[in-house]
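This report describes side-chain contacts between charged groups and between aromatic rings. Please keep the structure in view while reading.

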Amino acid sequence: MVQSNRWTHIWDKLTRYLSEAVSRTGGVVLPVGVAVVLSGVLTGCATENTPDMLTPRGPAAAHVAELWWILFWAATAVFVLVLGLCVFAILRSGNARPDEPVPLVARNSFIVGAGAIVPALILIGVLAVTVRASNVLMDRSEPPALTIEVIAHQWWWEVRYPDHGIVTANEIYMPAGVPVEFHLTARDVIHSFWVPQLAGKLDMIDGKIHTARLEAWEPGTFRGICAEFCGVQHTFMDFYVVAQEPAEFQSWVEQQQRPHAGPTTEAESRGMEIYYEARCDQCHIVRGFDEPMPPTGRAGPDLTHLGSRMTLAGATIENNVTTLAQWILDPHTIKPGVHMLPTPLEPDELDALVAFLLAME
Ligand code: CUA
């Protein structure tokens, strides 16, 4: 009976505090609370290609996810403990007698223990697991199978394979099952390279080269994102990592090494003329007509094998005849603020230019 009264007492107190909080804040607390809980739950809704760091597909991401779970459960334990103590305090407050204060020694030992010693122990534990994970992630004892340079621009990714003479954009092909070293830098503001299913994020800074090791356990396509606010189109600065069987990757390399074969139809010949008349070559390169391995620093992506790419404009839109034509005519409607200039062309000129640009897969 006493027990039941006690719980009724706690429940009354809790509901009274809650209703007071809601009325004092004009009813804002409840909807905000629900929104916070829902946003936490709904961000877990994954679809294919969702860059979800909790479903790692490589060793580096697995270490990051493991660390995340350790921190999550430690935080949950502290949260539950603190809530429990709050309930305990509410329960005790009903029985408190002003003439019987808590002894000073007991109060001080609780404050020192729960306020200093326990947090210090938790933080030391967190530091230890973080340092261990960092050491594993920084391990460079095994030589990489391949080195890829990625240069972030507002708002696209230049991808270079120095050992193979390949330059591409917004898509990173690599062999699965082997460690690949990434040299990351930027050409303007600070960006951040993040492929959540393969590794943690790393800042990309002009004038500095940061290295990361990525390995995919199995072949697959993984979405990458820019994780540092870098201007109005930061949200639309994505890319794909395509991990392939080594033999498949080798044939991709051979395909990408080929320069543009030149126009093979009348439309493509016209398209090539338009390409130079419209001064596309001021910002872009089609290998075969320019230097074999263009230097970095061009304003726009290498277009030699544009026909092989899945997307345009930092994975903003699919790549096909229609979207490429729209992109050339009026890129600002698709990606406001983008540095690419609109190119007003007659419909037949546009068709010819698109045919030339998509000729090489
Ligand atoms: Cu680049 Cu955000």
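Aspartate 206 is partly exposed in this predicted model, with a relative accessibility of 41%. Its side chain meets that of arginine 187 in a salt bridge, with 3.9 Å from N to O. Aspartate 206 belongs to the loop between strand 7 (202–204) and strand 8 (210–214), while arginine 187 belongs to the loop between strand 5 and strand 6, so the salt bridge ties together parts 19 residues apart in sequence. Arginine 187 is partly exposed as well, at 32% relative accessibility.

This pair belongs to a wider set: the whole structure has 12 salt bridges. In another of them, arginine 140 joins glutamate 181, and their closest N and O atoms are 3.7 Å apart. This contact links distant parts of the chain, 41 residues apart: arginine 140 is in the loop between helix 4 (104–137) and strand 1 (146–153), and glutamate 181 is in strand 5 (residues 180–186). Glutamate 181 counts as buried at 13% relative accessibility, whereas arginine 140 counts as partly exposed at 27%.

Glutamate 277 and arginine 270 also form a salt bridge, with 3.8 Å between the closest N and O atoms. Glutamate 277 is exposed, at 54% relative accessibility, and arginine 270 is partly exposed, at 30%. Salt bridges link Arg270, Glu273, Glu277 and Glu349 in a network.

The salt bridges described above have these distances:

| Salt bridge | Closest N to O |
|---|---|
| Arginine 140 – glutamate 181 | 3.7 Å |
| Aspartate 206 – arginine 187 | 3.9 Å |
| Glutamate 277 – arginine 270 | 3.8 Å |

Turning to the rings, the structure contains 14 aromatic pairs. In the pair of tryptophan 69 and phenylalanine 72, the ring centres are 5.5 Å apart and the planes stand at 85 degrees, which makes the pair edge-to-face. These two residues are 3 apart in helix 3 (residues 59–95), a separation of about one helical turn. Tryptophan 69 is partly exposed at 36% relative accessibility, and phenylalanine 72 is partly exposed at 32%.

Phenylalanine 193 and phenylalanine 239 form a stacked pair, 5.1 Å from centre to centre with 20 degrees between the planes. Because phenylalanine 193 lies in strand 6 (residues 191–194) and phenylalanine 239 in strand 10 (residues 238–244), the pair ties together parts 46 residues apart in sequence. Phenylalanine 193 is buried at 2% relative accessible area, and phenylalanine 239 is buried at 0% relative accessibility.

Ring pairs also join Trp68, Trp69, Phe72 and Trp73 into a cluster. Finally, a charge meets a ring where the charged end of lysine 201 sits over tryptophan 194, 4.3 Å from the ring centre.

Methods:
Residues are numbered from 1 along each chain as its sequence is written. This is a predicted model: local features need pLDDT of at least 70, side-chain atom pairs count only at pLDDT 80 or more; totals for chains, interfaces and linings use all residues. Side-chain values use heavy atoms; hydrogens and water are left out. Rings of Phe, Tyr and Trp (its six-membered ring) pair if their centres lie within 6.5 Å; planes under 30 degrees apart count as stacked, over 60 as edge-to-face and the rest as tilted. Helices (H or I, at least four residues) and strands (E, at least two) are DSSP runs, numbered from the N terminus. Buried means under 20% relative accessible area, exposed over 50%, partly exposed in between (1.4 Å probe, protein chains only). A charge sits over a ring if NZ of Lys or CZ of Arg is within 6 Å of the ring centre and within 35 degrees of the ring normal. A salt bridge is a side-chain nitrogen of Lys or Arg within 4 Å of a carboxyl oxygen of Asp or Glu.
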